[in-house]
Amino acid sequence: MKKNIYIFSGDSFMVKKSVRELRKALDISNEELNVTDFKSMPKADELIAACAQVPFMSKYRLVIVSECSVLRAKGGAEQAKKIADNLEKIPDSTALVLCVDSADKRRGLYKKAKKMGEVKEFAEPRQADCINFIIEQADSLGVKISRQTAAELVSVSGCDYYTLENELKKLAVYCKKEAVTSEHIKQCCSKTLEYNVFEIHGLFVNKQAQKAKLMLDDILKSERPEMLIGLFARKIRDMYKAKMMINAGYSLDKIAGTLHVKNFVAQILYKECKRFSVSQLRNGLLLLADLDYSIKSGEKDASLALPEALVRIYSL
């Protein structure tokens, strides 16, 4: 090993993947004796002692701290310092891996580990990252999927590696190793709350109130109403902003740039705004704000009040 101290931080899927890859690369024999995986933060002395052990019938041993809380801003500073002071004493035959969701880079332990070893930080995945991930995973599963269909899967199931990995495994079985299609995704994949609200919003805009209400009633059985209200408020707020800019003579490119959305999203907003006035959209936002307060204070029942409010907002 050129380096034997590692910090992996950020997106948990990528952190665990990096640990697996390192574990495989070390090719450790007798893992039950030569791998110590602390699921939570051990005492500094316990960690130091684990690192000091000599590997048994293997070239290397591996010590993992899956939740290294002392690397966080509010972690135990004294314990972190003790570990940092002993990093030089870790034998070359031991690889120490410290995993954390968000590391405080001001910590002495972080700085010293970075200087002596290797730090990998994994940002939250973006849509492009998830599309590439889907295509790679599909290839490993022996199925084909286009970039457009992969993008649809991200829109439907969310930008999360764990979720996408599971959904793709389902799709591989469901489509019987054939190319994954949009129809497969609609029939097989779990949908995020945000996607469902987007669907209901579209139905309301297109005056399909009965179908929208059935979907809404079903979602309200398992989701908190304030989450739904917040997502509907975001849709109405985007329409309100777009309508204001349309009335002011903004181009679609300008609207897209101001709202930080893609041009096709700006085009959708442009079409949705046509049958609403600025005052209708503003009143809709006020109505949702009042509804949120009324539900949280127990004045209204969400299953009755939210559908009624949406029918008013969408002028149905």
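The following paragraphs lead through a predicted model, beginning with its paired strands and ending with two residues of unusual backbone geometry.

A convenient place to start is strand 1, which spans residues 5–10. Of its 6 residues, 5 are buried, so the strand is largely enclosed by the rest of the structure. Strand 1 is joined by 5 bridges to strand 4 (residues 94–100), and the two run parallel; within this pairing, Ile7 has Leu98 of strand 4 as its bridge partner. Strand 1 is also joined by 5 bridges to strand 5 (residues 118–122), again in the parallel sense, and here Phe8 stands opposite Lys120. Ile7 is thus matched with a residue of strand 4, while Phe8 is matched with a residue of strand 5. As background to reading such pairings, side chains in a regular strand alternate between the two faces of the sheet.

Another pairing involves strand 2 (residues 35–38) and strand 3 (residues 61–65), which are parallel and share 4 bridges. Val35 stands opposite Leu62 of strand 3 in this arrangement. Between the two strands the chain passes through helix 3 (residues 44–52), and the resulting β-α-β crossover is right-handed.

From the strands we may turn to the charged side chains, for which a search of the whole structure finds 16 salt bridges. One of them brings together Glu31 and Arg23, with an N to O distance of 3.0 Å. Both partners count as partly exposed, because the relative accessibility is 31% for Glu31 and 28% for Arg23. Another salt bridge, also at 3.0 Å from N to O, links Asp217 and Lys213. These two residues both belong to helix 11 (residues 209–220), where they lie 4 residues apart, about one turn of the helix. Asp217 is partly exposed at a relative accessible area of 25%, and Lys213 is likewise classed as partly exposed at 35%.

A further salt bridge joins Glu226 to Arg224, with 2.7 Å between N and O. Its two partners fall into separate classes of exposure, since Glu226 is partly exposed at 25% relative accessibility, whereas Arg224 is exposed at 54%. Elsewhere, salt bridges with shared partners connect Glu67, Arg72 and Asp101 into one network.

Glu226 also leads to helix 15 (residues 278–296), the helix in which Asp292 lies. Setting aside residues up to four places away in sequence, Asp292 touches Glu226 and Ile229. What is the relative accessible area of Asp292, and does this make the residue buried or exposed? The value is 18%, and Asp292 is therefore buried, given that the class covers residues under 20%.

The last stop is the loop between helix 1 (12–26) and helix 2 (31–34), where Asp27 is found and where Asn30 is found as well. Most residues other than glycine have a negative phi. Against that background, Asp27 has a positive phi of about 50 degrees although it is not a glycine, and Asn30 also has a positive phi of about 50 degrees without being a glycine. In accessibility the two are classed separately, because Asp27 counts as exposed at 62%, while Asn30 is partly exposed with a relative accessible area of 30%.

Methods: Residues are numbered from 1 along each chain as its sequence is written. This is a predicted model: local features need pLDDT of at least 70, side-chain atom pairs count only at pLDDT 80 or more; totals for chains, interfaces and linings use all residues. Side-chain values use heavy atoms; hydrogens and water are left out. Buried means under 20% relative accessible area, exposed over 50%, partly exposed in between (1.4 Å probe, protein chains only). Two strands pair if DSSP finds at least two bridges between them. A salt bridge is a side-chain nitrogen of Lys or Arg within 4 Å of a carboxyl oxygen of Asp or Glu. A crossover is right-handed if, with the strands pointing away from the viewer, the path from the first strand over the helix to the second runs clockwise. Contact means heavy atoms within 4.5 Å.
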